[in-house]
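Welcome, and take a moment to turn the model around before reading on. We will walk through a few of its parts together.

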Amino acid sequence: MHAMTVQRELELDLVLSPGRSLAVPARLVYRSDDPFAVHLTFHVGSHAPVLWTFARELMVEGCFRPAGHGDVRVWPTLSAGRNVVCMALSSPDGEALLMAPALPVSAWLERTLRAVPPGTEHERMGMDEELTGLFAAAPGDDLYLSDPWPSDESSGDTA
């Protein structure tokens with residue numbers, strides 16, 4: 001099974017204060033070899049991009065109703081008469097409120113769901129093959145199965 005990547009470039013609004021935001025170029029990335037996660041990368045005036053990874057399920061749910069708690073929260077709303085998806089991100093380095101246009105986010109999510117349908121993510125993980133390999137007997141394993149300690153009942157010992 002080959003890995004598939006679903007990407008979408010878009011512009012997010014970084015909310016600085018009520019009524020004031022900054023346009024931020026961003027990229028949404030989904031990889032079928034990491035099927036439970038979505039990756040959001042954006043630049044906010046630093047040399048290195050900011051990367052957030054969170055559950056695809058959270059993003060899907062957040063397009064319809066408030067979802068998440070703690071570090072990542074996602075919810076749909078209206079802003080200036082347009083449908084947007086809000087993402088509140090919190091870390092020890094700071095907090096950010098981002099707004100993304102709902103239509104491109106929903107279309108991108110739909111493509112990820114076609115690439116790896118919900119409920120089939122575990123098939124992409126290769127965990128069964130990894131576990132089989134991990135627990136398979138290797139040459140020399142029979143040494144570990146034998147008792148490494150001599151018996152206490154030695155035939156030549158008389159105390």
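Let us begin with a pocket. This is a predicted model, and the residues lining its second largest pocket divide into 6 nonpolar, 1 polar and 3 charged. You can find them by looking for P35, F36, A55, R56, E57, V60, L113, P118, G119 and E121, which line this pocket. Which helix gives the most to that lining? Helix α1, residues 56-62, does, with 3 residues. The volume of the second largest pocket is about 160 Å³.

Now move to the largest pocket, which holds about 200 Å³ of space. Its lining is made by L14, F42, V44, V50, W52, S91, D93, G94, E95 and A96. Two elements, β4 (50-55) and β8, give two or more residues each to this lining. The largest share comes from β8, with 3 residues. By kind, the lining of the largest pocket has 6 nonpolar, 2 polar and 2 charged residues.

Since β8 has come up, let us see which strands it pairs with. Strand β8 covers residues 94-101, and 2 bridges join it to strand β1, residues 5-17. These two strands run antiparallel. If you look across from L14, you will find L98 of β8 standing opposite. L14 is also one of the residues that line the largest pocket.

Strand β8 has another partner in β7, residues 82-91. How many bridges join β7 to β8? There are 8, and this pair too runs antiparallel. Here S90 stands opposite E95 in β8, and E95 is another residue you have met in the lining of the largest pocket. To pass from β7 to β8, follow the hairpin that joins them through 2 residues.

Follow the chain onward to helix α2, residues 102-115. This helix has 14 residues, and from its first C-alpha to its last it reaches 20 Å. That is close to the 20 Å expected at 1.5 Å a residue. Which residues of α2 are buried? They are A102, P104, V105, W108, L109, T112 and A115.

One last stop brings us back to where we started. L113 is among the residues that line the second largest pocket, and residue 113 falls within the range 102-115 of α2. With that link in view, try tracing the path once more from β7 through the hairpin to β8, and then on to α2 at residues 102-115.

Technical notes:
Residues numbered from 1 in each chain as written. Predicted model: local features only at pLDDT ≥ 70, side-chain atom pairs only at ≥ 80, totals over all residues. Heavy atoms only, no water. Pairing = 2+ DSSP bridges. Helix = DSSP H or I, 4+ residues; strand = E, 2+ residues; numbered from the N terminus. Expected span 1.5 Å × (residues − 1). Buried < 20%, exposed > 50% of the residue type's maximum accessible area, 1.4 Å probe, protein only. 1 Å grid on protein atoms, 1.4 Å probe; cavity = no way out; pocket = protein on both sides within 12 Å on 5 of 7 lines; lining within 4 Å. Points joined across faces, edges and corners; volume = space filled by probe spheres on them. Nonpolar A, V, L, I, M, F, W, Y, C, P; charged D, E, K, R; others polar.
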